[in-house]
Amino acid sequence: MRPLLVFVLAILVWIAAQARITRIWDENRVIDDSCTVWPLPQDCSRISLEACVAMEGPSDCLGADIHSWNLTLLLADGTRRVVTIGWGNTCLGDFTDIRYLSVDGVDAPSGGQVRLTSDVNLYSGDNSIVVEIDPPGDKAQIYVGDDVMNYAGSVMLSSPVDSVSVGTMGKIELAFIAIECGHEPRLDSGLDDRELQQACAPGQEAPLGMWRYLDRDNDAAFARPGGFYTLTVVADPAEQGAYLLLYLDGARVNSTAWKAGMIKGRLTPTRFIGRYRLEWRNADKTILQDEAAAILEGDILTLTFPLHQSHLRFTR
């Protein structure tokens, strides 16, 4: 029974994760003296993309080759960040000459232009560029290579990425571009510091007010708490009689993603006094609500997750 339950829970987590991801795929394009643009969703919190490109024309020459192609990140504030892939030779005709692939437009670890000589195609073969953007979204990490990716550097971002383009002053064959955008749920309660302090004030009628983690009763094979939370409960402006559980402190798992005032859960009243339906946000912000409930008994608030054989208790 336990392996089956674990499998079912894994499937549910997978489905929830898929619902928060947008994927864009394009392939087999020829781009000639132009560019192709792919718009992105506006609420991306994580972006991963890979573009695999082969270019006609790179050849041995003295210094930098005239052939190049670029990947451009077009930002919401109207600015753009351009990463250019080119080629060259250090000293053509001399026995010390080295053929290289160049990467421009990045803040390189060593400073200046990045020159790669291994794990890249130095003539007309495919090369891939990989871009990784994680919260808070102010920096893109850039990797370039063929089968093995080389870290080239980073690109600072002044605002979210609106769209991505691949272009050239020449002719390239885009084998594929794969873009995956993760969507962060909107959990900001909108309360400022003063309003949060008021929400934590003592003497309020339960369940309103601040609650601190007390203890737990759980089977680690089914679930583990993401932290020892401190919460405050406020009235839900969207529904009379319902409440929002706001995070204040105590996250251990994915702690940098949680800020004071974010919505950690929601209580919906039932016809039984002190009994609520519970919608709870896991450490990764996915919703856990299958048969979850909250029980208020005096100064003890118990969150129960029967399918996960877990109970979390909080005290005022």
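**Entry 1: Asp 126 and the negative patch**

I looked up Asp 126 and found it partly exposed, with a relative accessible area of 37%. The classes I use are buried for under 20% relative accessible area, exposed for over 50%, and partly exposed in between (1.4 Å probe, protein chains only). The model is predicted: local features need pLDDT of at least 70, side-chain atom pairs count only at pLDDT 80 or more, and totals for chains, interfaces and linings use all residues. Residues are numbered from 1 along each chain as its sequence is written, and side-chain values use heavy atoms, with hydrogens and water left out.

I placed Asp 126 in the loop between β7 (114-116) and β8 (127-133). Helices (H or I, at least four residues) and strands (E, at least two) are DSSP runs, numbered from the N terminus. I then asked which residues gather with Asp 126 in a patch of negative charge on the surface. They are Asp 32, Asp 33, Glu 56 and Glu 173. Patches are made of residues with over 30% relative accessible area and no salt bridge, like charges being joined within 9 Å and nonpolar side chains (Val, Leu, Ile, Met, Phe, Trp, Tyr) within 5 Å. Accessible areas come from the Shrake-Rupley method with a 1.4 Å probe, and for residues only the protein chains shown count as cover. Asp and Glu count as negative, Lys and Arg as positive; His and the chain ends are not counted. The place of a charge is taken as CG of Asp, CD of Glu, NZ of Lys or CZ of Arg.

**Entry 2: backbone exceptions**

Most residues other than glycine have a negative phi, and most peptide bonds are trans. I noted that Asp 33, a member of the patch, has a positive phi near 50°. Asp 33 lies in the loop between β1 (21-32) and β2 (35-39). Asn 254 also is not a glycine and has a positive phi of about 55°; I located Asn 254 in the loop between β15 and β16. The peptide bond from Ala 206 to Pro 207 is cis, with omega near 10°, and Pro 207 sits in the loop between α2 (193-199) and β13 (209-218).

**Entry 3: salt bridges**

I took a salt bridge as a side-chain nitrogen of Lys or Arg within 4 Å of a carboxyl oxygen of Asp or Glu. The count by this rule is six salt bridges. In one of them Asp 26 meets Arg 29 at 2.5 Å, N to O; Asp 26 is buried at 14% relative accessibility, whereas Arg 29 is partly exposed at 35%.

Arg 266 and Glu 239 also meet at 2.5 Å, N to O. Arg 266 belongs to strand β16 (residues 263-269) and Glu 239 to the loop between β14 (227-235) and β15 (243-251), so this pair ties together parts 27 residues apart in sequence.

For Asp 299 and Arg 316, the closest N and O atoms are 3.8 Å apart. Asp 299 lies in the loop between β19 (293-297) and β20 (300-305), Arg 316 in the segment after β21 (310-315), so the pair ties together parts 17 residues apart in sequence. Salt bridges that share partners join Asp 236, Glu 239 and Arg 266 into one network.

**Entry 4: cysteines**

How many disulfides does the structure hold? I found zero, a disulfide being a pair of cysteine sulfur atoms within 2.5 Å. Why is Cys 35 without a bond? The closest cysteine sulfur, in Cys 181, is 18 Å from that of Cys 35, too far for a bond. Cys 61 is likewise in no disulfide, the nearest cysteine sulfur, that of Cys 91, being 12 Å away. Cys 61 is buried at 18% relative accessible area, whereas Cys 35 is partly exposed at 46%.
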